[in-house]
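The following note is offered to a colleague who is new to this structure. The points are numbered so that each may be checked in turn.

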Amino acid sequence: MAELIHEALIRDWGALREWVEQDHRFQGWLDRARERQEHWAEEQDPEDLLAGTALAEGLDWSRRRRLPTDIGAFLEASRRRQRAAVRRTRRVVAVLAGLLVLALVAVGGAIWQWRTVVEERQAARSRQLAARSDELISTNPDLAALLAVQAYRTDHTSEAVQSLRAAVALPKHRRLIGHTSEVNAVAFSPDGHTVASAGADGQVRLWDVASGKTRKVLKGNAEAVAALAFNRDGDTLATGGADRTVRLWNLETGEIRAELTGYTGSVHSVAFHPDGRTLAIGDAGSVRLLDPTTGATRRTLAGARRLVAFSPDGRILATGATGRTARLWDPVTGELRAPMTGFPDEAVSLAFSHDSHTLATIADDGTAELRDAATGKVRTTLDDSPSWLVYSPDGTTCASGGYDLQLCDAATGSSRVTLQGHSSTVLGAAFSPNGRILATVGRDRTVRLWDTAAKTSRTTLRGHAESVNAVAYSPDGHTLATASADHTARLWDTATGKTRINITGHTGEVNAVAFSPDGRTLATAGDDHTVRLWDTSTGKPRDKLSGHTKAVYAVTFSPDGHTLATGGDDHSVRLWDPASGAPRAVLDRHSEAVWAMAFSRDSRTLATGGEDSVVWLWDVARHKSRTSLSGYAAGVSSLAFSPDGRTLATADADGIVQLSDATTRKLRRAFSADTSGVYSMAYAPDNRTLAIVGGETVELWNADRGQSRAVLVTDPQVVTLAFSPDGRTLATAGATVELWNVTTSLNPAKAADQICRSVNRDLTADERAVYVPDPSVGPVCSTR
């Protein structure tokens, strides 16, 4: 037995020792707990209750051993206290978390509000800059372009995009800076690689045409330089000006070869004979012909003064003269060929055409005439009043200017396009030898190189003597018809911009034009109470429709070509058979003048509107009214059915545009296009774009959204418009007729870069102080 007990002790001694140690630990915890329990029972101090590790140990002992009753109650009280503390902690954590969330929301809201304020401020600043750009684009295009770039960089508002579009649409050119005063004259070297400019600062500058950088500055003139010319070889430049001296410059070295003095007044013009052997010089009181090699005077032309110009073939010299005359000379013999008379004022510009057959003369009062170069007799008097005119080398184009700079048709002198860029009077110009570049100079101290071959966003059609009241495209888009206050209508070739036919016959203003669907007939309506039909191929009259008792304001063909509708100041709408000219019906529900009308796509419905603020919808076949649309606050000035026939657009004189379902007549959308009123509107073939002439703008609108897409021009003189059948061109008319390319997409980054290359400057300190006073704003364009 003893041995068995000994073996058991040896075998289980570890477990027995563990039991002993566990009991010892329990007794130690129990003693400590009892001490705290007695103190708690006596004082009821919550701090005496167990917590943390001690409570966890007690709970563990309670699961393994039976505890005395008082210790068990003490342990339960401790557990309840800890649970309450946990709940309180959770509540505090929840409150703190809530407060943190509220704080984060407040901070986020403050940040959002701050960003909103900043964005609104930036957007407002962008719109303000865009508005100033729009105001300046006609008078100071360079500054307008810079402001457009800064407007877009400030914020991409729709107004900024529109201003950027208008700025980049300006004719493509480069601005060369260096002169410190007005620039008076410009000339190309024979090889076309160099352009020379002369200014009131006494400087003559030679520019590299390719890079636009200054090659040389020729210094030595004591006063303003007014004239310059290259010799045939391009190695000598003649200059003259207010110091009464002509200088011949060696262009390789930049040194003066010869100084020719003895002139009685300022030198106004110099010209080399095409063969290079004679130099003509015109000063305030004389014209001299010199040997450019020796500087010796060969002859002085009696009575000639100021102006000199050789014909390209070298056979004629044109000069100014005393009084209101000019003269033609034989440059070899110096004999007078013919005097030119009839000038209303002193001649200030003379220029020969490329073929030497025509001489363009301009008097000081702006009278411009094309004369026979052999006889000096007037062939044509130009409508415009330029200060100078030059011809391109190929003889097809001329440039004329003064305050406006224009490219014109060399044969007729009629303007093709206006080149906007100079901010002040343009004083002179010269074409490069290949005719691709036009160099111009002006009072704005700049030299500008224009790409004459670059396509522009618009073409100007000139020919009417007074304002244009209406425009319409032929169905094939090749012809544009215009109606004018000058009592005529015109048919224009849209490809060349030239007049095809001038239609006369009305005895008052022509108010409206419309093509028949087959394009063979043009209908016109006028103040003389008549509607007239014309053969579009010959311009000859086909019929005269009488019946209206007052001015006729509107005319339109039905899409099927079977009906012609007219409306006017006599409050009536009249339907005609366009084939026979016979009247069909008089529709007389309007109580005031009828201003606008449009046929539905199926030709069954005619919509009419006018001064009585009502739109009537007529059954064309039955000659009866179907219904009326009222509620307009002002007279209905324009009507248009969408090309798909589903929408009828109406506009009133208060500028409100309404889009209605063409079938149900229910209003789909209304928006304000211009608070000054809408004069005319037209749908593009895409059914979504609506062009609107407002009080001061021509805008393209997204008709589905009622949002403006682009402002083409700000011009209160524009009153009417029409889309070409392919939708690529918009014709606008008022003081002039202009054809706009409306399909060109805008890449803002490329547009800004193009503008900076063209303008070649940043805002001046004065301009920055006025328009961009924030010192944190960097340069608009860096100069190169």
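1. A nonpolar patch on the surface of this predicted model is formed by Val92, Val95, Leu96, Leu99 and Leu102. Together these residues have about 480 Å² of accessible area.

2. Within that patch, Leu99 deserves a separate remark. Leu99 belongs to helix α3. Its relative accessible area is 48%, so Leu99 counts as partly exposed, the exposed class being reserved for values over 50%.

3. In soluble globular proteins, nonpolar side chains tend to be buried together. The largest nonpolar core of the model comprises 28 residues. Leu147, Leu164, Ile755, Leu763 and Tyr771 have the most contacts inside this core. Two or more residues are given to this core by each of α3 (69-136), α4, α5 (158-168) and α6 (748-759). Helix α4 supplies the largest share, nine residues.

4. Helix α4 itself may be described further. It runs over residues 141-154, 14 residues in number, and spans 20 Å from its first C-alpha to its last, close to the 20 Å expected at 1.5 Å a residue. Of the 14 residues of α4, 13 are buried, and the helix is thus mostly covered.

5. Which residues is Leu147 in contact with, leaving aside its neighbours within four places in sequence? They are Leu129, Arg132, Ser133, Leu136, Leu763 and Tyr771. Of these partners, Leu763 and Tyr771 are also listed with Leu147 among the residues with the most contacts inside the largest core.

6. Apart from the largest core lies another, of 15 residues. Its members include Leu307, Ala318, Leu328 and Ala347.

Conventions: Residues are numbered from 1 along each chain as its sequence is written. This is a predicted model: local features need pLDDT of at least 70, side-chain atom pairs count only at pLDDT 80 or more; totals for chains, interfaces and linings use all residues. Side-chain values use heavy atoms; hydrogens and water are left out. Helices (H or I, at least four residues) and strands (E, at least two) are DSSP runs, numbered from the N terminus. The expected span of a helix is 1.5 Å times one less than its number of residues. Buried means under 20% relative accessible area, exposed over 50%, partly exposed in between (1.4 Å probe, protein chains only). A nonpolar core is a set of buried Ala, Val, Leu, Ile, Met, Phe, Trp, Tyr and Cys residues joined through side-chain atoms within 4.5 Å. Contact means heavy atoms within 4.5 Å. Patches are made of residues with over 30% relative accessible area and no salt bridge: like charges are joined within 9 Å, nonpolar side chains (Val, Leu, Ile, Met, Phe, Trp, Tyr) within 5 Å. Accessible areas come from the Shrake-Rupley method with a 1.4 Å probe; for residues, only the protein chains shown count as cover. A salt bridge is a side-chain nitrogen of Lys or Arg within 4 Å of a carboxyl oxygen of Asp or Glu.
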